[in-house]
Each structure stands twice: as structure tokens, then as C-alpha cells.
2 protein chains.
Amino acid sequence: MSLVVMKFGGTSVADTDKIKNVAAKAAAKKLQGHDVVVVASAMAGVTDKLIGYLKAITPNYDLREYDQMVSTGETANVPLVVQALKQAGLSSESFTGMQAGIETDNKYSKARITKINAERIKKALSSGKICVVAGFQGYCPETGDITTLGRGGSDTTAVAIAAALKADVCEIYTDVDGVYTADPRIVRNAKKMDVISHEEMLELSSLGAKVLVSRCIELGMNYNVNIMVLSSLEDKPGTLVTSQTEAIMEEMVVSGVTSDKNQAKIALRNLPDRPGIAAELFTKLAEANVNVDMIIQNFGSNGKADITFTVSNTEFSLGKDVCKKLYDGISGVKMEFDENIAKVSIVGVGMKSHSGVAATMFKNLSDNNINIMMISTSEIKVSCIINEKFNELAVRVLHDAFLGNEDDVGK
Amino acid sequence: MSLVVMKFGGTSVADTDKIKNVAAKAAAKKLQGHDVVVVASAMAGVTDKLIGYLKAITPNYDLREYDQMVSTGETANVPLVVQALKQAGLSSESFTGMQAGIETDNKYSKARITKINAERIKKALSSGKICVVAGFQGYCPETGDITTLGRGGSDTTAVAIAAALKADVCEIYTDVDGVYTADPRIVRNAKKMDVISHEEMLELSSLGAKVLVSRCIELGMNYNVNIMVLSSLEDKPGTLVTSQTEAIMEEMVVSGVTSDKNQAKIALRNLPDRPGIAAELFTKLAEANVNVDMIIQNFGSNGKADITFTVSNTEFSLGKDVCKKLYDGISGVKMEFDENIAKVSIVGVGMKSHSGVAATMFKNLSDNNINIMMISTSEIKVSCIINEKFNELAVRVLHDAFLGNEDDVGK
């Protein structure tokens, strides 16, 4: 007998009819002979409504109170799933994060799971019950306070429970039917992958693919959890994110192409080349809560330094302010700000053992007159910053070059 | 320094503006130098909305899941009160029933409080915080499950916390401004009482006055909690429900007149007068969940018994069914069913030591041609069942007789 964790997001449980659908899926799984844990989010819109009330009182709300409040969206929803399961003749019980034993630190609104005491869930499972757990929430055992896990929290709940229970698979039901070799809205012949490694998925995710948050993939990687991404609307196979497929995956050089237009670039030229200049800049940016992505530093022959870095669009104006405060009026320093950029990336574990992948990427871009502004590489990805207007073209060109003629993409 | 518990119901916290009002009241109390605990209900309408979702899935919902769900209405609301208090510059913290240490039995949807571990609240109070506690909920320590306290649950939470903390007063803010000598919609010169005993309030409450549920008054009586009923809209004194006023109260013979039209009467005549006939009838009624209020039994000279009893309107048709099943076709038995009755009552601790009160009541009713169908008495009240159409007249007549010329009503 196997154990399956099934996670459903807010749009999948947005009303009582959709909740009945979710229950039907879980019931079917149980009737196939599996033990089943369901992790459910709040009804779509409920969390925003609650936050709206808070903001109507003050925009500077306390994060402990925020957690106490928004966690109720999930808590109120899981009994509905239980009720729909009971209506279908199955035994079931709902669990808050606390009842499910999800212990966290006390970082309200973005708490990290420190431990899962799964005894209560295990007991309910062994008595034949389908356990329905409120996603996105846990509690801090030191304070007794309710905490929430931040963005993608319910996915994280699901993977963490799957890890604690050593589940055979953690199924994440979403509004897409799997992970594609590129965004199908850009590349018409993008193909759904049957399988992808945690490592690659992590790169794809941090590079802009929105299917799973990085943190949940990391957790899956660390605890070796098989994560299946699949559609909540259609009944067809999705994409398995796993670490048990290295043998097969080695055949693939590049498994996906991804892009991110939520990027902006700041270039600082002719900075005085003294020790600590970069440290000073990036410390000030960090203090202003500006997250820096790519960084390039050159030392000119004139004894001056050039530093170029990228930030997300939302933090662009904050980043500009920091730079202006530091360098406005300093003789010779030039600042360039550019919001119209995109990051295009290729990802694949095969790169580790194949040379020439980056060169092929650069050649294909240049053959199409796409200028590369910045380059960043890791063991399993190459990213290029380009002019935003070439974004879709670049994705198509690279998909054709690396994945266009493959019949067995992702196999 | 004194300690005040302030309870606000759903209409007092129905939106963020009203919540700011509640916070202003609590802040004013704190700034007067009192320690303050606020008990808040869910926003008006929220609980019904949640129950609506449950009913959309099944009318036969599980009470554990019901409690898990509906308790979120209160849990989501208390952080808003805290936030409004913080906005006003005060230190504050929200508490779920569990965090407030409210332990209950495991009777889901109508749990009874078994114990309050008030340590966490005491600690927060001593650090100067206004504690804001979610009403209506507790938890069962054996199961770790969330429980709700049933009708009037938030009032019960407030009085129970006041008892545990030995608060100087538990203020219940409502949409009326106190307890009256009669319903002001019926008796124009009904007067607000300044003070009333727990005992009298308990009788008034179980006889139809809707201000406080019996259970919360009982708790107040057992733990000697001073309960102040007052308006959440106007800033004026309310009615104090207390046990510390016997000396003053003895002066008053009757403190209030009340009536209840939610009554129906079932009369069974010529029942065979054999042992166990009453036991059989009332056992069957109890099995059908019909609560019987008043009972009169006569033995006729013909060797037959007459039994007359009253039930609430809502349980009338259930009660009829039980009787018909038992006695239909039994020779000579006659059944009379009457929905058009009302119960009019006078209440006062002074009755204990004053004779002739009941006689005065009966005489005043008969002088106005109001026929008395049934009579029931306790140490501090007399109730008469009359034709429903005389209800308002009877209340006015009795108020005039006992309370009309008093200048110092309730003093």
C-alpha cells in the first residue's frame, strides 16, 4: 500500500462545487487502495479579503496578528473537503497546521518548518481516514502562536508532510498540466516533460517558471520527495519532479528554456577602484531590502571599476535611490538604469558533462542579432540578459536549437 | 487597579469602522487605569455564511468539522481589534480560545467549559497589554480539537474569563441599553433597572427576556461575577447583574414582567389512569428531542387522567406527532392542540418574603377578563399561560400593578 499527498490550491477549492470535485479525486485515490493526505488552501479570494480588512484598519499591521487572521482561510476550508468526502461515504478528518504537528520558527508571515510531529496524522491514516490538512500554516511551539509559511506555503506544507510521512508521491494540482520545455504561450511546440530532476526544476523555478516555488522544490530535493505537478481540471499525467532518474536524464543536454521579464539593470561606471566599494554598495542595497540577482564587475585600465547588476522590477526604484544617494555628484561616475531587459535561460543536468552548450546558446542568439548584455552560469544553467523586446524570439530560437527536434523530450 | 472584561457581539464588530469604535471603548477603559480583556464575536453574518458553505455540501454535517470551521469567524476577527488598538497607540495581543486556555469537554457545537488556564492572559495583562480573546470557542485538551460553546457562547466566554481572572466586572455590550422592568415595546413606561440579582436575571432570561442566555447568568451566579449589560451604541450606564445587592433588593417585591409567545399547548384528556402513563409520554417526547416546559396533571373522578403541557412553537409539530402515535384510536382519549398561547411571568426576589403576590397577579388578570389556562411558580417567579391575543394587555396590566407607580424601580 502506498501513501499519496495531494495538494489543491485556492482556485481548485474556490467554491463548494469545486470542493466536491477535489473530494472526488481524493476519494478515487483512496478507493484505488492508497493512503491519502489532502492539503488544501483557502478559497480563492478569501485571504485577500481578510488582508483587506487588516489594511482598512492600518497598513502597518502586526505580523503575528496577520498570521492569526489569514490562517483562518485555510482552517475554514478543510472541514468542507472532509464533509464532501464523508458525503461520498469515506472516513475523513480535518487538521489545522497545529493539529497536524507542523512546528515552525517564530518568523511570522514567512515561518520556516522546523519539525513535523506526524503521529496524529499517522494514527488517523492507519484507522483508514483521509486526512485533510490546512495548508500554509503551522505553529511555533515556544509561543503557542499560529504562523504562516509565506508565498507558496501550501505547496511547502504538502512536500513537508510527504517528507515526514515518507509518502510515495506528493501530487501538486495546479491550473497547468505539468512542466514544459518552454512557456507554451511563447513556443508553440513546447513539450510537456514527463520527468525532471529537482535540481533542474529548482533552476527553472528561480529563473521564472511559476509552477512551484523554489523553497518547496528545495525541500523535495533535501528529503527526496517525488513531486508530481498535474492539472486539477483534466485527468492526465503531469510532470514528475524526482531525484531518482539521473540515469535517464543524463541523455538530455538541455531540458528547458525559460525567461523572466521582471528584471531591471543598473550599471555604475567609473567608480573609484578602492577596496570595499562593492561591499559598501551591496550592503546598502541589502539594508534597503533590494535583492540583487546577477552581478558583473570589471576593472578598467584607468584605475576605475564598473559594476553592473540586476534587480526585480518591483525593487528597481528602491535600488536607484540607493545608488543615487551613494554616487550622485562623485566626479566621473556614470549611472545607467534600464528596465527593458529580460533574462533568458537554458537549464539541464546534461550540461555538466557536455561542453559547448553555452557557446551554442550565444551563437544562436547572435545569429538572430540578439545582443547579450550579461551572462551568468551555474553547473546546470546558462542565463543571458538581453533587451526585453527580444525575449520571445530568444526563447523560440533557443528552444529550436536545443529541444526543437527531440521526439522524446524529458524522457 | 481593577480588571474589566468587555464583550462585544457580532453587530458591534460587523465592519472595520465598528471595530475601531470597539477599540476606542477598550482604549478609554485602559486609559482610565483598568486592566482590560476584550472578548469579541465574529463579524455579523460571517458564521451564517460559513454554515451556508457546509450546508451546500451536506445538511448532515459532522459537528467536529462544524466547530473547526465556524470558530474561524471569531479567530479572524480578534486580530482586527488588536490592530485597531495598536493604531490607537496601545499594546495588545489576540488570543484564540486555545491560546486563552479555555478548556472544554468534547461535546462539539455545544461544549461546556471545564477549566480556564489563564496564565498566558495574566502574563500579557501584567505586561500592560489589552488581551483580545476570540469568543464562542475553546478546545478539548484530550483530543486537541477546537470546540464551540453553542448559543450565547461569546457571553459565556466573557463571564468565564471574568470568573477565572476574578474581574471586577464583566461588561456585555449589546444592542439594548440594559434590562427593563418589561419589554419597552409593550409597556411604554417600562424602566431600566440599575441593578438586578443573578437569580432574577436567570428567571427573566429563561422566561423570554433575550438579553443574556441562561447559561451565562448561571456561570455568573456560581462564580459571583458582576455582569453589566449595556449599550454598544450609547455611552450611558446599563444594568448590573450581581449577587451583592440582597439588602437593597429585598425592598422590591417584583422587579420585572416578561412574556414569551413562542409557546404551544398540548392537552390530553381521559387518558387511562394507570401507573407509568406520564413517564411513557414524557420519555417518548424526550426521545423525539421535544423539550417540555410546564406540566399539569389532574386525576378525574372517572378514573381517567388529564395531562396538559407546553412546548416551544418550533417543537410543536414534533410533539403532536408523538402524542398522535401514542393515543390515536385509544377509546375516549381527546387531544387538544393550541399554538395561540403566551406565557406571562412576574419575577422578583421579594416574592420569597411577600405573600399575596400570586393572588394580586391572578386578580389583575381576571379583572381584565384574561383567562388563566395554566400556572407555574418558583420561589422568585409566577408564570401564567394565557391566550396569545391577551399577551401585551397582560404585560401592561401586571407592570402597572406591580411596577407602575414605583419611582425607584430596581434600586
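Let's begin with chain A, which is split into domain 1, covering residues 3-174, and domain 2, covering residues 257-403. Keep in mind that this is a predicted model. How far apart do the C-alpha centres of the two domains of chain A lie? For domain 1 and domain 2 of chain A, that distance is 38 Å.

Now step back and look at both chains together. You can lay chain A on chain B with an RMSD of 0.1 Å, using a turn of 180° and a shift of 0.0 Å along the axis. The two copies are therefore related as by a two-fold rotation axis. If you want to find that axis in chain A, look for A:Thr72: its C-alpha is the nearest one in the chain, 2.7 Å from the axis.

Next, where do the chains touch? On chain A, 27 residues are in contact with 27 residues of chain B. Three elements of chain A give two or more residues each to this side: helix H1 (16-31), helix H2 (46-57) and helix H3 (63-87). Which of the elements gives the largest share? That would be H3(A), with 13 residues. Sorted by class, the side of chain A that touches chain B holds 13 nonpolar, 10 polar and four charged residues. And here's a neat point: 100% of the interface residues of chain A are also interface residues in chain B, so the copies meet through the same surface.

Let's move on to a pair of helices in chain A. Two packed helices are described by the angle between their axes and the distance between the axes. Helix H5 (residues 153-165) of chain A packs with helix H7 (residues 214-222) of chain A at an angle of about 5°, and their axes are 9 Å apart. Angles under 35 degrees count as roughly parallel, and that makes H5(A) roughly parallel to H7(A). Which residues meet here? From H5(A) come A:Asp155, A:Thr156, A:Val159, A:Ala160 and A:Ala163, while H7(A) brings A:Arg215, A:Cys216, A:Leu219 and A:Gly220. By class, this contact between H5(A) and H7(A) has five nonpolar, two polar and two charged residues.

Now for a sheet. Strands of a sheet pair through backbone hydrogen bonds, either parallel or antiparallel. In chain A, six strands form an open sheet, and if you walk across it you meet them in the order S14-S15-S13-S16-S18-S17, with antiparallel pairing. Strand S14 (292-299) and strand S17 (374-378) of chain A are the edge strands, each pairing on one side only. From one strand to the next, the twist averages 25°.

Zoom in on one pair inside this sheet. Strand S13 (residues 256-272) of chain A and strand S15 (residues 304-311) of chain A run antiparallel and are joined by seven bridges. Here A:Ala264 stands opposite A:Val311 in S15(A).

Helices pack on this sheet as well. Helix H11 (residues 357-367) of chain A touches strand S16 (334-347), S17 and strand S18 (381-387) of chain A, and its direction makes about 20° with that of S18(A). Helix H12 (residues 391-403) of chain A lies across S13, S16 and S18 of chain A, and runs at about 120° to S13(A).

Finally, hop over to chain B. Here too, six strands form an open sheet with antiparallel pairing, in the order S14-S15-S13-S16-S18-S17. Strand S14 (292-299) and strand S17 (374-378) of chain B stand at the edges with a single partner strand each, so one side of each has no neighbour in the sheet. The twist averages 25° from one strand to the next. At one edge, S14(B) pairs with strand S15 (residues 304-311) of chain B in the antiparallel sense over six bridges, and B:Val292 stands opposite B:Val311 in S15(B).

Technical notes
Residues are numbered from 1 along each chain as its sequence is written. Chains are lettered from A and ligands numbered from 1 in the order in which they are written. This is a predicted model: local features need pLDDT of at least 70, side-chain atom pairs count only at pLDDT 80 or more; totals for chains, interfaces and linings use all residues. Two residues are in contact if their C-beta atoms, placed from the backbone, lie within 7 Å. Helices (H or I, at least four residues) and strands (E, at least two) are DSSP runs, numbered from the N terminus. Ala, Val, Leu, Ile, Met, Phe, Trp, Tyr, Cys and Pro count as nonpolar, Asp, Glu, Lys and Arg as charged, and the others, Gly among them, as polar. Copies are superposed by least squares on the C-alpha atoms of residues with pLDDT of at least 70 in both. Domain bounds come from an automatic or database domain assignment. Axes are lines fitted to C-alpha atoms, for helices over the stretch in contact, and angles run from 0 to 180 degrees between N-to-C directions. Angles under 35 degrees count as roughly parallel, over 145 as roughly antiparallel, 65 to 115 as roughly perpendicular and the rest as oblique. Two strands pair if DSSP finds at least two bridges between them.
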